[in-house]
Amino acid sequence: MLHPDIATDRQRRPAAPALQEAVALAAALPELVVVGAEVVPLAKAKPGLLFGTGKVEEIGAALEAAEIDLVLVDGPVTPVQQRNLEREWKVKLLDRTGLILEIFADRARTREGVLQVELAALSFQRTRLVRAWTHLERQRGGLGFVGGPGETQIEADRRAIDEAITRLRRQLTKVAKTRTLHRAARKKVPFPVVALVGYTNAGKSTLFNRLTGADVMAEDMLFATLDPTMRGITLPSGKKIILSDTVGFISDLPTQLVAAFRATLEEVLEADLILHVRDISHADTMEQARDVAAILTDLGVAETTPMIEVWNKIDQLDDDRRAALGVRADRDEAIQTMSALTGEGVEALMDAVGRILDEERTSQTLTLTFAEGRRRAWLFEQGVVESEDQTEDGYVLTVLWTARQEKQFRDLGSSTAS
């Protein structure tokens with residue numbers, strides 16, 4: 001495992017924690033055994049080999065001595081750099097994006113997850129294919145096959161990938177429609193959705209298992225969960241909710257992967273409450289929290305959906321640190337300290353979830369005209385209508401809803417409320 005510490009990036013993130021995370025990423029693939037990890041300082045990336053020639057020779061000698069088959073580079077590697085380094089070192093090389101794709105492929109379980117992995121992989125492959133081989137002029141003759149005479153192999157390969165991508169997107173659209181129907185059916189049962197989000201390996205799946213008893217993979221490895229898992233649970237107050245466990249977030253996730261896996265976070269978009277699970281014992285916990293907050297902002301839920309910060313893994317802190325965090329959490333209902341592993345603080349967290357969900361639902365009276373049938377139907381789909389009366393001009397409804405539901409309703413058009 002190599003982490004290029006390029007001078008211009010040093011202010012962004014310390015190299016040592018970044019390398020540690022990269023090693024944990026590699027450990028997420030059971031067939032990989034990391035035998036060495038190194039931070040490689042660079043003034044700037046070399047266009048052809050990424051590293052300087054001296055460092056390339058030095059690393060190459062070490063790889064040969066240790067009989068290494070695969071080198072992981074924690075960062076972006078261009079197709080030209082990858083090809084040249086593989087030739088120099090006589091090994092297979094994966095950059096950060098390639099490694100994450102391998103992990104996603106290994107973790108995908110549902111039909112949607114598999115399709116998303118394939119789409120992301122093909123998009124990644126298409127970019128590298130074009131950039132790596134456009135300088136070649138491999139021609140093939142025409143024998144009446146698709147492509148015709150004189151078509152370069154790169155053009156044929158690119159078209160084949162484009163056709164596969166089109167097929168995958170068509171299939172994903174069908175899967176997304178099915179999930180939309182499932183969500184619509186779930187909305188008719190007025191159970192709030194509580195989504196677990198957080199940096200990967202923060203303990204979301206361990207917490208999910210403790211609360212639901214579900215047999216969800218919860219190992220000490222990154223990306224242990226890919227596909228969203230949902231279960232119904234009952235809070236201590238007797239209130240029923242739907243709990244959703246989602247794929248972990250990570251810093252520097254390539255744009256094409258964020259887009260391809262956005263649907264794995266759909267349940268977050270529908271959530272009435274978000275539990276942001278943090279590994280509070282991690283040295284880089286603040287940076288991780290900022291990465292999660294940035295993604296939630298991009299999704300458009302950071303300001304509209306209530307959130308509790310769950311400071312997990314307090315069992316790994318010393319007494320003074322635990323006490324200090326406890327004092328801060330006591331002052332803020334939106335912060336809960338706990339250990340998903342030992343169960344400490346779980347009951348208090350569930351009590352807080354119940355209180356916030358109850359507090360966030362307010363009663364209002366709405367007046368709708370007969371022409372606003374779509375908006376009226378939406379209210380019933382959401383399960384927020386408590387009573388309805390018909391007048392000469394339309395409908396008068398009493399609703400009990402969350403601030404998020406109110407905003408969604410307002411976005412549908414105008415109405416009279418009191």
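Hi everyone, let me start with a small cluster: Trp378, Trp401 and Phe409 are linked together by ring pairs. Rings of Phe, Tyr and Trp (its six-membered ring) pair if their centres lie within 6.5 Å; planes under 30 degrees apart count as stacked, over 60 as edge-to-face and the rest as tilted.

Before going on, a word about what we are looking at. This is a predicted model, where local features need pLDDT of at least 70 and side-chain atom pairs count only at pLDDT 80 or more, while totals for chains, interfaces and linings use all residues. Residues are numbered from 1 along each chain as its sequence is written, and side-chain values use heavy atoms, with hydrogens and water left out.

Back to the rings. Tryptophan 378 and phenylalanine 409 make a tilted pair, with 6.1 Å from centre to centre and 35° between the planes. Tryptophan 378 belongs to helix α13 and phenylalanine 409 to helix α14 (residues 403-411), so this pair ties together parts that are 31 residues apart in sequence. When I say helix or strand, I mean DSSP runs numbered from the N terminus: helices are H or I with at least four residues, strands are E with at least two.

Are these two rings buried or exposed? Tryptophan 378 counts as buried, at 15% relative accessibility, and phenylalanine 409 is buried too, at 0%. Buried means under 20% relative accessible area, exposed means over 50%, and partly exposed is in between (1.4 Å probe, protein chains only).

Phenylalanine 409 has another partner: the charged end of arginine 375 sits over its ring, 4.0 Å from the centre. For that label, NZ of Lys or CZ of Arg must be within 6 Å of the ring centre and within 35 degrees of the ring normal. Arginine 376 does something similar, with its charged end over the ring of tyrosine 395, 4.4 Å from the centre.

The structure holds four aromatic pairs. In one of them, the rings of phenylalanine 370 and tyrosine 395 have centres 5.3 Å apart and planes at 75°, so the pair is edge-to-face. Phenylalanine 370 is in the loop between β11 (361-369) and α13, while tyrosine 395 is in strand β13 (residues 394-402), 25 residues apart. Phenylalanine 370 is partly exposed at 40% relative accessibility, and tyrosine 395 is buried at 15%.

Now to helix α13 itself. Which residues of α13 (residues 373-382) are buried? They are Arg375, Trp378, Leu379 and Gln382. Looking down the axis of α13, these buried residues fall within an arc of 100°, so they line one face of the helix. That arc is taken from the directions from the helix axis to the C-beta atoms. After α13 comes glycine 383, with a positive phi near 70°.

Speaking of phi, most residues other than glycine have a negative value. Leucine 50 is not a glycine, yet its phi is positive, about 70°. Leucine 50 lies in the loop between β2 (38-42) and α2 (53-66), and is buried at 3% relative accessible area. Asparagine 201 also has a positive phi, near 75°. Its place is the loop between β5 and α7 (204-212), and asparagine 201 is partly exposed at 23% relative accessibility.

Leucine 50 brings us to proline 4, in strand β1. Leaving aside neighbours within four places in sequence, proline 4 is in contact with Val40, Leu42, Leu50, Phe51, Val73 and Asp74. Contact means heavy atoms within 4.5 Å. The C-alpha atoms of proline 4 and valine 73 are 7.4 Å apart, although 69 residues separate them along the chain.

Next, the interior. The largest nonpolar core has 40 residues, and those with the most contacts inside it are Phe223, Val268 and Leu296. Such a core is a set of buried Ala, Val, Leu, Ile, Met, Phe, Trp, Tyr and Cys residues joined through side-chain atoms within 4.5 Å. Helix α4 gives the largest share of this core, five residues. Not counting neighbours within four places in sequence, valine 268 is in contact with Ala195, Val197, Thr246, Ile274, Leu296 and Val301. A second, separate core has 24 residues, including Leu196 and Met350.

Finally, the whole chain. How many helices and strands does the protein chain have? There are 14 helices and 14 strands. Of its 418 residues, 46% count as buried. Thanks for listening!
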